[in-house]
Amino acid sequence: MQLTVYSDYSLRVLLYLAVHPAHTATINDIARAYAISRNHLVKVVHNLATQGFLHTTRGRGGGISLADDPANIIVGNVVRKTEGRFDLVECFDNVNNTCPITAACALKSALYEARSAFLDVLDKYTLADVLANDDWLRHKLGLPQE
């Protein structure tokens, strides 16, 4: 299983903001720190704000900050809200499924269980939990030490 780039970038944005909590950031700051597309981050940040994970302020002196304490942001919730669909195989998509054995296939239930287990593990972690090495993260992202 692989998360989409969209979810990956969403998690990176949240990590960036969590290791630099006393400051607001800009999309340019985050794009530069990760060497990723600013245009792609615009969509990611908009979605994270719409989903309630971020506060955004426009204009001079504006920026992006976390909407909640990192200890309250559950990684599994972020993934659910950024991944969209988790159709591991075609038969998970009831509309576009063309597999002729879906009704009798036991593999489908095993894959559903695997998907649930994956999300259950992510639900055990908050953004704060994954910041154990925050000094190293700040250093790698070119941020000042707090």
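Sorted by class, the residues that line the largest pocket comprise four nonpolar, seven polar and two charged ones. The model in which this pocket is found is a predicted one, and the pocket itself has a volume of about 320 Å³. Its lining is built from 13 residues, and those that lie nearest the centre are Ile27, Val45, Thr56, Arg58 and Ile64. Two or more lining residues are given by each of the elements α2 (27-34), α3 (38-50), β1 (54-57) and β2 (63-66), with the largest share, four residues, coming from α3.

To place these elements, it helps to step back to the whole chain. The protein chain has six helices and two strands, and these follow one another along the sequence in the pattern α-α-α-β-β-α-α-α. Taken along the principal axes, the box filled by the C-alpha atoms is roughly 60 × 30 × 25 Å. Of the 146 residues in the protein chain, 35% are buried.

Between α2 and α3, two of the elements that contribute to the pocket lining, there is a loop that holds Ala35. This residue is not a glycine, and yet its phi is positive, at about 55 degrees. Ala35 is classed as exposed because its relative accessible area is 71%, and the class of exposed residues begins over 50%.

Further along the sequence, the loop between α5 (107-122) and α6 (134-140) contains Tyr125, and Leu131 is found in the loop between α5 and α6 as well. How exposed or buried is Tyr125? With a relative accessible area of 40%, Tyr125 is partly exposed, since that class covers values between the cut-off for buried residues, under 20%, and the one for exposed residues, over 50%. Tyr125 also takes part in a nonpolar surface patch of about 240 Å², which is made by Val121, Tyr125 and Val130.

Leu131, by contrast, counts as buried, because its relative accessibility is 11% and the cut-off for buried residues is under 20%. How far from Asp120 does Leu131 lie, in sequence and in space? The two residues are 11 residues apart in sequence, and their C-alpha atoms are 20 Å apart in space. The loop between α5 and α6 thus holds both the partly exposed Tyr125 and the buried Leu131.

Technical notes: Residues are numbered from 1 along each chain as its sequence is written. This is a predicted model: local features need pLDDT of at least 70, side-chain atom pairs count only at pLDDT 80 or more; totals for chains, interfaces and linings use all residues. Side-chain values use heavy atoms; hydrogens and water are left out. On a 1 Å grid over the protein atoms alone, a cavity is a set of points where a 1.4 Å probe fits but cannot get out, and a pocket is an open set with protein on both sides within 12 Å along at least five of seven lines; lining residues have an atom within 4 Å of a point. Grid points are joined across faces, edges and corners, and a volume is the space filled by probe spheres set on the points. Ala, Val, Leu, Ile, Met, Phe, Trp, Tyr, Cys and Pro count as nonpolar, Asp, Glu, Lys and Arg as charged, and the others, Gly among them, as polar. Patches are made of residues with over 30% relative accessible area and no salt bridge: like charges are joined within 9 Å, nonpolar side chains (Val, Leu, Ile, Met, Phe, Trp, Tyr) within 5 Å. Accessible areas come from the Shrake-Rupley method with a 1.4 Å probe; for residues, only the protein chains shown count as cover. A salt bridge is a side-chain nitrogen of Lys or Arg within 4 Å of a carboxyl oxygen of Asp or Glu. Buried means under 20% relative accessible area, exposed over 50%, partly exposed in between (1.4 Å probe, protein chains only).
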